[in-house]
Amino acid sequence: MSIAYDYSRETPAAEFLEKPQLLLIDGRRLASASGRTFASINPATEQVIASIAEGNEVDADAAVAAARRAFEGPWRTMRAAERGHILLKWAELLKRHADEIVELESLDAGKPVAAVLRQDFPAAVDTLTYYAGWADKISGDVVSTRDDALTYTVREPVGVVAAIVPWNFPLMIGMWKLAPALACGCTVVMKPAELTSLSALRIGELALEAGLPPGVLNVVTGPGRTVGEALVNHPDVDKVTFTGSPGVGRGIMKGAASNFKRVSLELGGKSANVIFDDADLDAASKAAAAGIFFNAGQVCSAGSRVLVQEAVYDEVVERLTARAKAIRMGDPADRTTVLGPVISEKQMKSILDYVAIGRKEGAFLTTGGERVGNRGYFISPAVFANVEHEMRISQEEIFGPVVSVIKFKDEADALRIANGTAYSLAAGVWSRDIGRVQRFARKARAGTVWINTYGYTDVRLPWGGERDSGLGREHGTAAIENFTEPKAIWMNLNV
Ligand code: NAD
């Protein structure tokens with residue numbers, strides 16, 4: 001993907017960070033109703049980088065009212081092509097402010113700048129551009145029923161959308177929700193994760209500059225338990241699109257039942273990356289390491305279980321261990337850094353707890369799994385060998401740079417282990433046998449299967465899983481269906 005943008009100035013986000021970070025409601029930046037604020041912390045330094053308005057139920061309510069007015073008013077009735085043009089202009093503004101947005105995302109989430117430049121930022125712009133193109137291409141069908149009637153369908157926007165976003169890819173996952181919702185003519189109240197609110201607020205300002213009418217996109221920062229729940233339970237919200245943990249997802253389904261809101265959920269994963277003994281072991285080990293250590297393992301589709309066939313097990317463990325040891329961890333602002341910190345102290349402790357659990361369960365830690373330094377939440381990339389399928393480190397999502405390497409005998413054994421968790425988001429398979437990889441791809445319980453590669457996503461392809469991995473799909477035409485409702489129109493021709 002090549003998108004031209006400029007990343008040049010020394011501290012491009014400084015000006016934005018100096019301002020108090022207010023809510024964005026009805027086209028205005030406002031203090032929260034309670035007047036309270038909370039701090040945003042740079043995970044690499046533990047320093048406070050911004051003070052953010054802490055919204056509550058009152059703010060959520062005001063944002064929903066603004067979104068409703070904008071939905072009934074300018075946004076829904078605007079020419080579809082015009083909506084598309086505004087979204088394209090927004091994409092242009094994002095590119096113009098690339099340096100600032102990339103820096104904000106890196107500081108706020110502890111992501112290496114190099115990774116944001118390569119992945120998060122271009123993916124967000126690509127998503128916006130892709131759905132801007134959809135705005136005037138959403139159509140219905142003329143359906144043959146009977147001679148005396150014209151029967152056809154139209155797709156109408158679902159209405160006011162609550163978009164609840166996690167901290168691991170705030171900008172990219174945020175845009176996965178905003179772009180299709182807005183292209184379809186919906187209006188949005190976005191609730192970023194408390195740990196990473198900054199990019200949402202900045203791109204919200206740029207949306208106004210691009211010409212998005214007030215109230216079409218509102219950003220209410222604050223806790224999930226207040227702002228998030230208020231949106232989920234709100235009678236005037238028509239749809240919730242959520243990415244986060246299965247526990248919160250379950251609560252969202254229950255809350256949404258109050259007025260039968262549409263719900264789409266992208267939840268966790270414990271994805272298997274399966275390496276057969278005829279695979280290109282160099283390529284497979286390289287991709288397996290990237291598949292778990294990218295974004296410090298805080299990826300829903302992380303290849304957190306590497307399944308390796310007996311004959312090549314030791315060699316793959318050795319290769320993975322060498323790669324883990326060689327990863328360049330450090331200051332996210334340094335362009336050569338590959339691995340940054342994890343998001344928070346709480347997350348760091350949880351990951352270190354899992355390392356202790358793995359050892360206690362009898363798995364063998366070949367490298368890593370320790371806090372590095374005493375400032376910033378850095379954990380050295382960890383490889384567990386001799387992992388048994390039933391162990392907790394093989395079943396539970398760690399959401400950190402920890403990989404479990406599990407031995408298997410044959411194809412049936414690999415499938416049994418790969419499909420043997422509560423999740424079903426993604427899977428990878430490595431082999432030169434085309435029949436085997438195809439059989440695996442069909443039988444794997446996963447929303448995405450990668451063959452002889454791992455980890456790619458593209459907004460043109462459906463994304464999501466079932467069971468503890470979620471409900472519904474994002475991306476591509478699936479997202480257009482998520483944010484529209486079909487309507488059947490029957491016109492009597494005998495009048
Ligand atoms: P989380 O579920 O705690 O929070 C996600 C969002 O939900 C945040 O904005 C949070 O404030 C909000 N929230 C929290 N409680 C809420 C409530 N009661 N009602 C409404 N909203 C509430 O998850 P997280 O810690 O931000 O992210 C990590 C988890 O998300 C992991 O389990 C990971 O697997 C999953 N995830 C999945 C995907 C995917 O595409 N499937 C992507 C990223 C993360």
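Which residue's side chain does Arg 202 meet in a salt bridge? The partner is Glu 100, with an N to O distance of 2.7 Å. The model is predicted, and every value below is computed from it. The points cover helix H7 and its salt bridges, other salt bridges, the ligand site, a surface patch and some individual positions.

**Helix H7**

- Helix H7 runs over residues 198-210, which makes 13 residues.
- From the first C-alpha to the last, H7 reaches 19 Å, close to the 18 Å expected at 1.5 Å a residue.
- H7 is largely enclosed by the rest of the structure, because 11 of its 13 residues are buried.
- The buried residues of H7 include the charged residues Arg 202 and Glu 205, along with Leu 198, Leu 201, Ile 203 and Leu 206.
- Ser 199, Ala 200, Gly 204, Ala 207 and Ala 210 are also among the buried residues of H7.
- Gly 211, just after H7, takes a positive phi of about 110°.

**Salt bridges**

- The whole structure contains 32 salt bridges.
- Arg 202 belongs to helix H7 and Glu 100 to helix H4 (residues 98-109), so their pair ties together parts that are 102 residues apart in sequence.
- Both Arg 202 and Glu 100 are buried.
- Glu 229 and Arg 225 form another salt bridge through their side chains, at 2.9 Å from N to O.
- Both of these residues, Glu 229 and Arg 225, sit in helix H8 (residues 224-233), 4 residues apart, or about one turn of the helix.
- Residues three or four places apart in an α-helix point the same way, because the helix has 3.6 residues a turn.
- Glu 229 counts as partly exposed because its relative accessibility is 35%, between the 20% and 50% cut-offs.
- Arg 225 has a relative accessible area of 68% and is therefore exposed.
- The side chains of Asp 278 and Arg 436 also meet in a salt bridge, at 3.0 Å from N to O.
- Asp 278 is in the loop between strand S11 (272-275) and helix H10 (281-293), while Arg 436 is in helix H15 (residues 434-443), so this pair ties together parts that are 158 residues apart in sequence.
- Asp 278 is partly exposed at 22% relative accessibility, whereas Arg 436 is buried with a relative accessible area of 13%.
- Arg 29, Glu 100, Arg 202 and Glu 205 are joined into one network by salt bridges that share partners.

**Ligand site**

- The ligand is surrounded by 26 residues, and the closest are Trp 167, Glu 194, Ser 245, Leu 267 and Glu 397.
- Leu 267 has a backbone N or O atom 2.4 Å from a nitrogen atom of the ligand.
- Glu 397 places a polar side-chain atom 2.7 Å from an oxygen atom of the ligand.
- Gly 244 has a backbone N or O atom 3.1 Å from an oxygen atom of the ligand.
- The protein buries 88% of the 840 Å² that the ligand exposes when taken alone.

**Surface patch**

- A nonpolar patch on the surface is formed by Val 142, Leu 150, Met 491 and Leu 493.
- Together these four residues have about 370 Å² of accessible area.
- Val 142 is placed in the loop between helix H5 (113-134) and strand S5 (149-157).
- Val 142 is exposed, because its relative accessible area of 67% is over 50%.

**Individual positions**

- Ser 404 is in strand S17 (residues 402-408).
- At 0% relative accessibility, Ser 404 counts as buried.
- A polar atom of the Ser 404 side chain lies 3.0 Å from the backbone oxygen of Ile 393.
- The C-alpha atom of Ile 393 is separated by 8.1 Å from that of Val 355, and the two residues are 38 residues apart along the chain.
- Val 355 is in helix H12 (residues 345-360) and counts as buried at 3% relative accessibility.
- Thr 477 is in helix H16 (residues 476-482) and counts as partly exposed at 45% relative accessibility.
- Thr 477 and Val 220 are 257 residues apart along the chain, and their C-alpha atoms are separated by 28 Å.

Technical notes
Residues are numbered from 1 along each chain as its sequence is written. This is a predicted model: local features need pLDDT of at least 70, side-chain atom pairs count only at pLDDT 80 or more; totals for chains, interfaces and linings use all residues. Side-chain values use heavy atoms; hydrogens and water are left out. Helices (H or I, at least four residues) and strands (E, at least two) are DSSP runs, numbered from the N terminus. The expected span of a helix is 1.5 Å times one less than its number of residues. Buried means under 20% relative accessible area, exposed over 50%, partly exposed in between (1.4 Å probe, protein chains only). Patches are made of residues with over 30% relative accessible area and no salt bridge: like charges are joined within 9 Å, nonpolar side chains (Val, Leu, Ile, Met, Phe, Trp, Tyr) within 5 Å. Accessible areas come from the Shrake-Rupley method with a 1.4 Å probe; for residues, only the protein chains shown count as cover. A residue is near a molecule or strand if one of its heavy atoms lies within 4 Å of it. A polar contact is a pair of N or O atoms within 3.5 Å; within protein, one must be able to donate a hydrogen and the other to accept it, and residues adjacent in sequence count only if both atoms are side-chain atoms.
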